[in-house]
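Me: I'd like a close look at one part of this protein: the salt bridges. Could you walk me through them slowly, as I'm still in my first year?

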Amino acid sequence: MAGYWDGPEGEQCPQRTWLATRVGAAAGLVGAAYRIILLRPGSALAALQTAAADSVTMATLGAVFGLSTCLSAQVREEPEDPLNYFIGGCAAGAVLGVRAHSYLTGTTACLGFGITATLMKIGNKEGWRLMGPPKL
């Protein structure tokens, strides 16, 4: 997602949404591969349906996140505010709750995705690193 962080927030919404959608689809394919290997569907068609459903769901979550984040940055006129990322993550979590037909899943995913996205934004802004040698 190197291209996602390039440029100011709230601009180039279609490109950012497309990038988030692609990352979501890739994550969905990886998750579907693990699910197919671990749960062994009964047929090749069932495996294909699982892979397609998981990939489309994750791509949709990525698209909702990218679009919500970018639009909230535009509407609120505060492009660098981490709250925009919470809004995007919460919107993606709500979509997951709708997909699961569960209020509890939607609420939990909203909070989980929102907090995770907010921490990612703050970490990127402040230069946090997850891996690599420490800065001295």
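**A walk through the salt bridges**

Reply: Searching the whole structure, which is a predicted model, turns up six salt bridges. Before picking some of them apart, here's the backdrop. The chain is built from four helices and has zero strands, so its pattern along the sequence reads α-α-α-α. Its C-alpha atoms fill a box of roughly 50 × 40 × 30 Å along the principal axes. On the charge side, there are 10 positive and 9 negative charges, and the mean positions of the two sets sit 12 Å apart. Side chains of opposite charge can pair when their charged atoms come close.

Let's begin with D54 and R35. These two form a salt bridge in which the closest N and O atoms are 2.8 Å apart. D54 belongs to helix α2 (residues 44–76) and R35 to helix α1 (residues 13–39), so the pair links distant parts of the chain, 19 residues apart. How covered up are the partners? D54 is buried, because its relative accessible area is 16% and the cut-off for buried is under 20%. R35, with 40%, is partly exposed.

Now move along to E78 and R76. Their side chains meet in a salt bridge too, at 3.8 Å from N to O. Here both partners have some surface showing: E78 is partly exposed at 39% relative accessibility, and R76 is partly exposed at 27%.

Next come K121 and E80, whose side chains meet in a salt bridge at 2.9 Å, N to O. K121 sits in helix α4 (residues 103–126), while E80 is in the loop between α2 and α3 (83–100), so this bridge ties together parts that are 41 residues apart in sequence. K121 has just 4% relative accessibility, so it counts as buried. E80, on the other hand, is partly exposed, with a relative accessible area of 37%.

And K121 and E80 have company: together with E9 and R16, they are linked in a network of salt bridges.

To put those buried residues in context, 33% of the chain's 136 residues are buried. The accessible surface of the chain comes to about 8,600 Å², and 70% of that belongs to carbon and sulfur atoms. As for links across the sequence, take the contacts between residues at least 6 apart: 57% of them join residues at least 24 apart.

Terms used:
Residues are numbered from 1 along each chain as its sequence is written. This is a predicted model: local features need pLDDT of at least 70, side-chain atom pairs count only at pLDDT 80 or more; totals for chains, interfaces and linings use all residues. Side-chain values use heavy atoms; hydrogens and water are left out. Helices (H or I, at least four residues) and strands (E, at least two) are DSSP runs, numbered from the N terminus. Buried means under 20% relative accessible area, exposed over 50%, partly exposed in between (1.4 Å probe, protein chains only). Contact means heavy atoms within 4.5 Å. Accessible areas come from the Shrake-Rupley method with a 1.4 Å probe; for residues, only the protein chains shown count as cover. Lys and Arg count as positive and Asp and Glu as negative; His and the chain ends are not counted. The place of a charge is taken as NZ of Lys, CZ of Arg, CG of Asp or CD of Glu. A salt bridge is a side-chain nitrogen of Lys or Arg within 4 Å of a carboxyl oxygen of Asp or Glu.
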